[in-house]
Amino acid sequence: MSEMARLSYKGRKRFALIILVVGLPFYITVAVNVIDLFERPSIFIEFCVYVCLGIFWALPFKLIFRGVGVEDPDL
């Protein structure tokens with residue numbers, strides 16, 4: 001069983017909130033600065049890069065975010 005599956009619902013909810021409030025703005029800042037290191041591509045390519053980066057950012061946290069928006073199952 002993975003470590004994230006052992007977290008309680010309340011713990012997963014708190015961890016997801018920390019990821020969204022702290023991690024997401026940090027990741028956005030890094031992604032924008034990495035794109036700015038290179039010559040600016042066309043708007044379509046830049047859009048595709050940001051979409052891919054957004055998907056790749058969310059994949060590792062899939063287990064944490066799953067079921068956080070529903071009512072607490074322990075109640």
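How many salt bridges does a search of the whole structure find? Keep that in mind; the exercises below work on a predicted model.

**Exercise 1. Track down the salt bridge and describe the surroundings of its acidic partner.**

Step 1. Start with the count: searching the whole structure turns up 1 salt bridge.

Step 2. Now name the partners. The side chains of Glu46 and Arg40 meet there, at 3.0 Å from N to O.

Step 3. Place Glu46 in the fold: it sits in helix α3, which covers residues 43–58.

Step 4. Is each partner buried or exposed? Glu46 has a relative accessible area of 7%, and buried means under 20%, so Glu46 is buried. Arg40 comes out at 60%, and the cut-off for exposed is over 50%, so Arg40 counts as exposed. The bridge thus pairs a buried Glu46 with an exposed Arg40.

Step 5. Look at what else Glu46 touches. Setting aside residues up to four places away in sequence, Glu46 is in touch with Ile35, Arg40 and Pro41. Arg40, then, shows up both in this list and in the salt bridge.

**Exercise 2. Work out the setting of Leu20, from its helix to its contacts.**

Step 1. Find the element: Leu20 belongs to helix α2, residues 9–37.

Step 2. Check the accessibility. Leu20 has 40% relative accessible area, and partly exposed lies between the 20% and 50% cut-offs, so Leu20 is partly exposed.

Step 3. Which surface patch includes Leu20? Leu17, Ile18, Leu20, Val21 and Val22 make up a nonpolar patch on the surface, and together they have about 480 Å² of accessible area.

Step 4. List the contacts. If you skip neighbours within four places in sequence, Leu20 is in contact with Pro25, Trp57 and Phe65.

Step 5. Try a residue further along the chain. Val70 is 50 residues away from Leu20 in sequence, and their C-alpha atoms are separated by 17 Å.

**Exercise 3. Decide how much confidence the predictor puts in the chain, and in the helix that holds Leu20.**

Step 1. Take the chain overall: the average pLDDT is 84, and 93% of the residues score at least 70.

Step 2. Which elements have the lowest and the highest mean pLDDT? Helix α1, residues 3–6, has the lowest at 60, while α2 has the highest at 89.

Step 3. Tie it back to Exercise 2. Leu20 is found in helix α2, and α2 is the element with the highest mean pLDDT.

Key: Residues are numbered from 1 along each chain as its sequence is written. This is a predicted model: local features need pLDDT of at least 70, side-chain atom pairs count only at pLDDT 80 or more; totals for chains, interfaces and linings use all residues. Side-chain values use heavy atoms; hydrogens and water are left out. Patches are made of residues with over 30% relative accessible area and no salt bridge: like charges are joined within 9 Å, nonpolar side chains (Val, Leu, Ile, Met, Phe, Trp, Tyr) within 5 Å. Accessible areas come from the Shrake-Rupley method with a 1.4 Å probe; for residues, only the protein chains shown count as cover. A salt bridge is a side-chain nitrogen of Lys or Arg within 4 Å of a carboxyl oxygen of Asp or Glu. Helices (H or I, at least four residues) and strands (E, at least two) are DSSP runs, numbered from the N terminus. pLDDT is the predictor's confidence in each residue, from 0 to 100. Buried means under 20% relative accessible area, exposed over 50%, partly exposed in between (1.4 Å probe, protein chains only). Contact means heavy atoms within 4.5 Å.
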